[in-house]
Every structure is written in C-alpha cells, then in structure tokens.
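Hi everyone, thanks for coming. I'd like to walk you through one structure today, so grab a seat and have a look at the screen.

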Amino acid sequence: STPSLAVAPDDPPAGPAAPAAQPMPAFEPVMAAYTAVANANVRSAPGTEAPKVDRIGKGREVTVLGRVKGSNWLLVALPDNQTGYVFVDLLEPKPEAPVQTAAATPDTATAATAATPSAATAALLQTLGSYHALVIGNNDYTDLPKLKTAVSDAETVAQVLRSDFGFEVRLLRNATRADIIIALDDYRKTLTEDDNLLIYYAGHGILDFSSERGYWLPVDASPDTQVSWVSNATITDTLKAMSAKHVMLVVDSCYSGTLTRSVKPTLRSPDYLKRMVRKRARVVLTSGGLEPVSDGGGGDHSVFAKAFIDALQSTTDYIDGTELFLSIRRPVMLNAAQTPEYSDIRLSGHDGGDFVFVRRDGS
C-alpha cells in the first residue's frame, strides 16, 4: 500500500471506507448565480435516474459551476463543499445589475476586457507585479519514514512555474526547519505590495490533537520533540506580516486542512478579475483536510501533485485559485481517499482577493 505522509503519535482509529466516487462528466465552466424557477431535485449525477442528494426550493439562489457538455444538466455548488446536478429548465440566471453607460475609465476598460481571455491576459500582465515561488520537497527524513515523491513533485512544480508562468523560483530539496524559516524571512524582507508569492510544500505533516494545531515536518524533525517542527501559526504570522499583495500556499501534506475554513465559491461578475487583482489575498490549496494523504498514486508524483501540475500545464491563458481548485478536486478524490480544500487562511490578513496564474510563455 502507498505510505501516508502523516506521522501522528495518537492517530484516531480509521472510520469505514468511503464509497468510491463516480467520474465527473466534462462540463463547460459557468460560475454564476442562478435562481430556481420551481422546486428542483439535486441529483448525484446528471439524469433523473441518479439518486437525489438535495432539494432546492423555488426562488432559492444557487451557484452554478458549469453546464455538463452534451446535456441539459447544470453542476451546482451545495453546502459542505459538495456538488450536485439540476435540470437546466429549473434554474435561470440571476439578472445582472444595470451597467453604467458613462464614458469608459481605465477601471471600466479593465473590467470590460476581462470578459475576453486574450484581452484579460494583457490587462493582467500590466497590473500584476513580479511572481515568486518558494517550492519545498522533503523526502530524506532523519527520524521519520522517508517519502518517495515529494522531491520530484517539487522539482516539476518549480519547472512549470518558472517556464510556463514566469515565476522566480527558490527550490528547497530536503529542507530543514532553518532552511524554511530563513527563506520565509527573506521574502518578508524583500517582497513589495506589487509582488505575488506562491509557497508549495510537499512533505510530512502532523496534527497535535490536544492543541488542534497542524505542523509541517522538515527533514530534521523528530516525532519526540517539536523543536524542529514548523507550526501553522508561524506560517500564518509570517504571511500576515508580508507586504506581498497576493500569497498562495499549496500544501501536499497530512492534516493540512487545519489552515483552511470551508470553501465558498466566488461568483464571476463582469469586474471579477479586477476585484481579485486589487484586493489582498492570503489563500491556501491543500491536498486534504484533517486526514492522511497519499505519497504516490500519480506516476512519479503524488495524486495531488499530478492533478495540480496537469491543471497548470493545461492553462492556456490565466486561471485563478478558485478555478484551479475546482479543476483538481474531483481527480484527486477519484484516485485517493482524500479531499482537497481551498479557502482563505485564517488570521493572515486576507482581504477578499484571489491568486491569479497568468501564462507567460506565449502558448
């Protein structure tokens, strides 16, 4: 069996195995507010024969994530980070607010171009600052079980970020606690309000059940003492003190969900990209919640890392963190007993923005 990335002294007993997830059909992204025109059943799959998982009352507003290709079914967001399907005739788009017809300003021009991908990319390139990435992959632990894929995950992520998205990358292989803290301190000192920072961590993680606090475990960590552990509180405090406008954590370790709140999909209004770029962001994409996660299952990579890399490589223009999460969540759930999460980071200075990846290699 594939080894877990978790090392916890008192792991709770495992519960019953979750039922296998069904493949998600291909769909065209929508991400907009709709209103139910009649009482509507929400199905677990597109089709009236699929089990009912929820019911939407007439007049209720829901978020439509996409339309299933080749069918009349819509994918909708449900509470508790779940999704379901509703027949298209039972929902209608929520009317947009009236649009101002005054002469265009730079702000309104940016909002208008956001509807066209190529124009949106040009606008984003003009307004977004430099992109930086701290990428950490830990395999060779001294006092903990060694991992197989964390370093190769980090190396490939670093290469994709550098070559496809123009990031200036700092890659740490088999990092100690000192290596990680020094790197974070350097970014805290040097990044400005125009900069963007991605932090990718692949390695062991642990949850202290008594304090309900999660930790990253560098290669010099010992299971018997916390002296070399890196707590979520340390990471959060560092991000709050950074000047960088947009910061995103991507964490492929056990119990990484202690960094997140619940996921709340953000609706796409005409000025969505402008608002996301302007506002400060402190967000985290994790490979799982309060659970062990897989080291492997994706060829030379973990299941999560493979889905993350594939999503970035398939981006031809730009993608924000929310869209990235939606594109990798289902593939990970289908191939491992873990559920990715995405949200703002608690107590880190988040102000409603999102991290935006912009393709810069001309493809």
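I'll start with the whole chain, then go to the core, the rings, and a few single residues.

First, a reminder: what you see is a predicted model. The chain has 363 residues, and buried ones make up 50% of them. In terms of secondary structure, there are eight helices and 20 strands. Now think about contacts between residues with a separation of 6 or more: 75% of those in this chain are between residues 24 or more positions apart. As for the outside, the accessible surface comes to about 16700 Å², and carbon and sulfur atoms own 51% of that.

Okay, let's go inside. In soluble globular proteins, nonpolar side chains tend to be buried together. Here, the largest nonpolar core has 73 residues. Which of its residues touch the most other members? Those are Leu161, Phe167, Met248, Leu285 and Phe357. And helix H7 gives this core its largest share, with eight residues. There's also a second, separate core, made of 14 residues, and among them are Val42, Ile56, Leu74 and Leu91.

Let's stay with H7 for a moment. This helix runs over residues 303-313, and it's mostly covered, with eight of its 11 residues buried. If you want to find them on the screen, the buried ones are Val303, Phe304, Ala305, Ala307, Phe308, Ile309, Ala311 and Leu312.

One of those, Leu312, is also a contact of Phe357. If we skip neighbours within four places in sequence, Phe357 is in contact with Leu161, Phe165, Phe167, Leu198, Met248, Leu312, Asp317, Tyr318, Ile319 and Leu324.

Phe357 takes us to the rings. A pair of aromatic rings is described by the distance of the centres and the angle of the planes. The count for this model is 12 aromatic pairs. Take Tyr131 and Phe355: their centres are 5.8 Å apart and the planes are at 85°, which makes the pair edge-to-face. Where do the two partners sit along the chain? Tyr131 is in strand S8, residues 131-137, while Phe355 is in the loop between strand S19 (341-344) and strand S20 (356-358), so the pair links parts of the chain 224 residues apart. Are these two buried or exposed? Tyr131 has a relative accessible area of 6%, so it counts as buried, and Phe355 is buried as well, at 0%.

That pair belongs to a cluster, too: ring pairs link Tyr131, Phe165, Phe167, Phe355 and Phe357. On top of that, Arg359 lies over the face of Phe165, at 5.6 Å from the ring centre.

Phe165 is also in helix H3, which covers residues 150-165. Here's a quick sanity check you can do yourselves. With 16 residues and 1.5 Å a residue, H3 should span 22 Å, and its end C-alpha atoms are 21 Å apart, so the two agree. Plenty of H3 is tucked away: the buried residues are Ala150, Val151, Asp153, Ala154, Val157, Ala158, Val160, Leu161, Asp164 and Phe165. Keep in mind that an α-helix has 3.6 residues a turn, so residues three or four places apart point the same way. Just after H3 comes Gly166, with a positive phi of about 70°.

Also in H3 is Glu155, and at 33% relative accessibility this residue counts as partly exposed. Not counting residues up to four places away, Glu155 touches Leu171 and Arg173. Its C-alpha is 9.1 Å from that of Leu172, 17 residues along the chain.

Now for a few loop residues. Asn174 sits between strand S9 (168-173) and helix H4 (177-190). Although it isn't a glycine, Asn174 has a positive phi of about 50°, and with a relative accessible area of 23% it is partly exposed.

Two serines to finish. Ser228 is in the loop between strand S12 (213-217) and strand S13 (230-231), and it's buried at 12% relative accessible area. Beyond its neighbours within four places, Ser228 is in contact with Arg177, Pro218, Asp220 and Ala221. Ser253 lies in the loop between strand S14 (246-252) and helix H6 (272-278). At 1% relative accessibility, Ser253 is buried, and its C-alpha is 8.3 Å from that of Ile206, 47 residues away in sequence.

That's my tour, so over to you for questions.

Technical notes:
Residues are numbered from 1 along each chain as its sequence is written. This is a predicted model: local features need pLDDT of at least 70, side-chain atom pairs count only at pLDDT 80 or more; totals for chains, interfaces and linings use all residues. Side-chain values use heavy atoms; hydrogens and water are left out. Rings of Phe, Tyr and Trp (its six-membered ring) pair if their centres lie within 6.5 Å; planes under 30 degrees apart count as stacked, over 60 as edge-to-face and the rest as tilted. Helices (H or I, at least four residues) and strands (E, at least two) are DSSP runs, numbered from the N terminus. Buried means under 20% relative accessible area, exposed over 50%, partly exposed in between (1.4 Å probe, protein chains only). A charge sits over a ring if NZ of Lys or CZ of Arg is within 6 Å of the ring centre and within 35 degrees of the ring normal. Contact means heavy atoms within 4.5 Å. Accessible areas come from the Shrake-Rupley method with a 1.4 Å probe; for residues, only the protein chains shown count as cover. A nonpolar core is a set of buried Ala, Val, Leu, Ile, Met, Phe, Trp, Tyr and Cys residues joined through side-chain atoms within 4.5 Å. The expected span of a helix is 1.5 Å times one less than its number of residues.
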